[in-house]
Structures are given as C-alpha cells and as structure tokens.
Amino acid sequence: MKRILVCEDEVSIREFVVINLRRSGYDVIEAGSGEEALERYDRADEKPDIALLDIMLPGMDGFAVCRGLRERSDSMGIIMLTARTQEMEKVGGLMMGADDYVTKPFSPSELVARVDALYRRVDAARQRYEVQYLEEIRQGDFVLNLRNRTLLRDGKPVELTQLEFQIIEYFFTNPGKPLSRTDILHRVWGEDYFGEEKIVDVNIRRLRMKIEVNPSSPEHIMTVWGLGYKWNA
Ligand code: CA
C-alpha cells in the first residue's frame, strides 16, 4: 500500500487533496497542523512513503515539519505546497530537505502525477537498497557505500537524503565527465519529471554545503558553464 501524510490546515483544500489521492490508491494520513503531522507520523505503525506539506500553517510551519520529518527519515519523499508568490520559500523548503514542490492552485491530475513520480523514486530507491547489489566506490577522500547507502569522507559519515545520494552515485560512476542538468534530472528524478531543471541546481547547492570545504569555491562538484556539473575527486 502506498502511504502519504497530508498536512494542510485549510479543510477544503485538504479534503480535495485527500479525495484525489485516495482515488489514486493512496492510504492517506491527514493532519491539520504541523504538530499533528509529526505526532501522527510518530504514532503510525506503517510509516508514510511520502509527505505533502503546506508551508503556511498555524503554529509550526511547513519548513519546520519538513525538517522534523527529515530527522526521522532520509528516505521518505517530501513535497511542499507553495503559493505562487512564495518563490523564495520553494528554495527554502528544498534547502530543508524537501524533494519537490507544487504551486497552488494546482489541478488534481498535476498533484497526483507529482506524488506518483516521487513515490516511484522513493520505492525504486528502497528496492535497490533491499537488493543490496554493489559494494563501494572510492573517490579521493570519499567512500560511497552502495550497500549501506552511506557516504564517508575521511572515514566520517556525511548525511545525505536519498536524492542527494543518487546524485553522488551518478557523479561517482562518471568521474570527470560533464553531466548536463537534463542528464542529472532524468537519472535522479526520472524521465517523467516535469518540474523545472532549477531543482538540480538547488540540490547541488545543498550538496556543496555538505561536502565542500568552501561551498562558494567548490573543488569537487564543479560547474560546467552552460551545461551542468562534473565530479572532480
Ligand atoms: Ca495553509
């Protein structure tokens, strides 16, 4: 069963979202506040695969919920619901560990398509984890363990989300090769992702903050102007 946590304080929007997700085969856990969302997550015997979080909530806001969920799970998929005027908030949410965002107002088909796409990625990553195929890729001071899905630098763990891990895996299996934003988008988000390529840049910025000594003058994740990025061990 596909499980999703929906956190939205506006009852009419929440009901509309929940009805459409249930119709598409999701088991939905509903919350009307951020505090309730975390409480319901903690109490759930079977944890949700995906969370859909409104940003503007009474009390704890969607960013804080996102951060709280990320502390509990690196592997769940998180989508933020944003108003059209909240351009910076989209980026803020992505920096907090969200995987995608949907702008209000949205059509039911768009929302379900975005949730489905993220669910497939989360599920594929989990299955790969379960298969436990390869072992390790070494790049300079870094060791990527594909079985445990961990990244070590000088023997110390670097905390990565599933998406960040997939980007690093793509880099490590193509060292020195320029990879376009489209390549990265297709490989990590899937060919059916129809959001903006900008999401690649946001994730790269976050990765640089995690692995570069000086994120504004990177030595490992290099920008290839007009194209994308390449990995330099
Ligand atoms: Ca709201």
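**Warm-up**

Is Arg-72 buried, partly exposed or exposed, and what is its relative accessible area? Arg-72 is partly exposed, with a relative accessible area of 36%. Keep in mind throughout that this is a predicted model. Arg-72 returns in Exercise 3, so let us begin with the cysteines.

**Exercise 1. Cysteines**

Task: Find how many disulfides the structure holds, and explain the result for Cys-7 and Cys-66.

Solution:
- Step 1. Start with the search of the whole structure, which finds zero disulfides.
- Step 2. Take Cys-7 and look for the closest cysteine sulfur: that of Cys-66, at 11 Å.
- Step 3. Compare this with the cut-off, since a disulfide needs two cysteine sulfur atoms within 2.5 Å. The sulfur of Cys-7 is therefore too far from that of Cys-66 for a bond.
- Step 4. Now go the other way: for Cys-66, the closest cysteine sulfur is in Cys-7, again at 11 Å and too far for a bond.
- Step 5. Check the surroundings. Cys-7 is buried at a relative accessible area of 0%, and Cys-66 is buried with a value of 0% too.

**Exercise 2. The calcium ion**

Task: Which residues coordinate the calcium ion, and through which atoms?

Solution:
- Step 1. List the donors: Asp-9 and Asp-54 each contribute OD, while Met-56 contributes O.
- Step 2. Read off the distances, which run from 2.1 to 2.3 Å.
- Step 3. Place the donors along the chain; their spacing is D-x44-D-x1-M.
- Step 4. Compare accessibility at two of these donors. Asp-54 counts as buried at 3% relative accessibility, whereas Met-56 is exposed, with a relative accessible area of 53%.

**Exercise 3. Salt bridges within and between helices**

Task: Of the salt bridges in the structure, take Arg-43 with Glu-39, Arg-72 with Asp-42, and Glu-110 with Arg-114, and work out where the partners lie.

Solution:
- Step 1. Begin with the total: the whole structure has 18 salt bridges.
- Step 2. Arg-43 and Glu-39 join through their side chains, at 3.8 Å from N to O. Both belong to helix H2 (residues 34-43) and sit four residues apart, about one turn of the helix. Arg-43 is exposed, with a relative accessible area of 57%, and Glu-39 is partly exposed at 44%.
- Step 3. Arg-72 and Asp-42 form a salt bridge at 2.7 Å, N to O. Arg-72 lies in helix H3 (residues 62-72) and Asp-42 in helix H2, so this pair ties together parts that are 30 residues apart in sequence. Asp-42 is partly exposed at 41%, and the warm-up gave the value for Arg-72, 36%.
- Step 4. The side chains of Glu-110 and Arg-114 also form a salt bridge, with an N to O distance of 3.5 Å. Both are in helix H5 (residues 108-131), four residues apart, about one turn of the helix. Glu-110 counts as partly exposed at 26% relative accessibility, but Arg-114 is buried at 9%.
- Step 5. Finish with a network: salt bridges that share partners join Arg-3, Asp-27 and Glu-46.

**Exercise 4. Nonpolar cores**

Task: Which residues touch the most other members of the largest nonpolar core, and which elements each supply at least two of its residues?

Solution:
- Step 1. A general idea helps: in soluble globular proteins, nonpolar side chains tend to be buried together.
- Step 2. The largest nonpolar core has 28 residues, and those touching the most other members are Leu-151, Phe-171, Phe-172, Ile-184 and Trp-189.
- Step 3. At least two residues each come from strand E7 (142-145), helix H6 (162-172), helix H7 (181-189), helix H8 (198-211) and strand E12 (228-231). H6 gives the most, with seven residues.
- Step 4. Look around Trp-189: leaving out residues up to four places away in sequence, its contacts include Leu-163, Ile-167, Ile-184 and Ile-199, as well as Asp-99 and Arg-121.
- Step 5. Another core, of 21 residues, lies apart from the largest one; Cys-7, Ile-29, Met-80 and Ala-98 are among its members.

**Exercise 5. An open sheet**

Task: In what order do the three strands of the open sheet stand?

Solution:
- Step 1. The order is E10-E12-E11, with antiparallel pairing.
- Step 2. The edges are strand E10 (179-180) and strand E11 (221-224), each pairing on one side only.
- Step 3. E10 pairs with E12 over two bridges, in the antiparallel sense.
- Step 4. To locate this pairing in the model, find Leu-179, which stands opposite Tyr-229 in E12.

How values were computed
Residues are numbered from 1 along each chain as its sequence is written. This is a predicted model: local features need pLDDT of at least 70, side-chain atom pairs count only at pLDDT 80 or more; totals for chains, interfaces and linings use all residues. Side-chain values use heavy atoms; hydrogens and water are left out. Buried means under 20% relative accessible area, exposed over 50%, partly exposed in between (1.4 Å probe, protein chains only). Donors are N, O and S atoms within 2.8 Å of the metal (3.2 Å for Na, K and Ca); water is not among the atoms, so sites may look incomplete. A salt bridge is a side-chain nitrogen of Lys or Arg within 4 Å of a carboxyl oxygen of Asp or Glu. A nonpolar core is a set of buried Ala, Val, Leu, Ile, Met, Phe, Trp, Tyr and Cys residues joined through side-chain atoms within 4.5 Å. Contact means heavy atoms within 4.5 Å. Two strands pair if DSSP finds at least two bridges between them.
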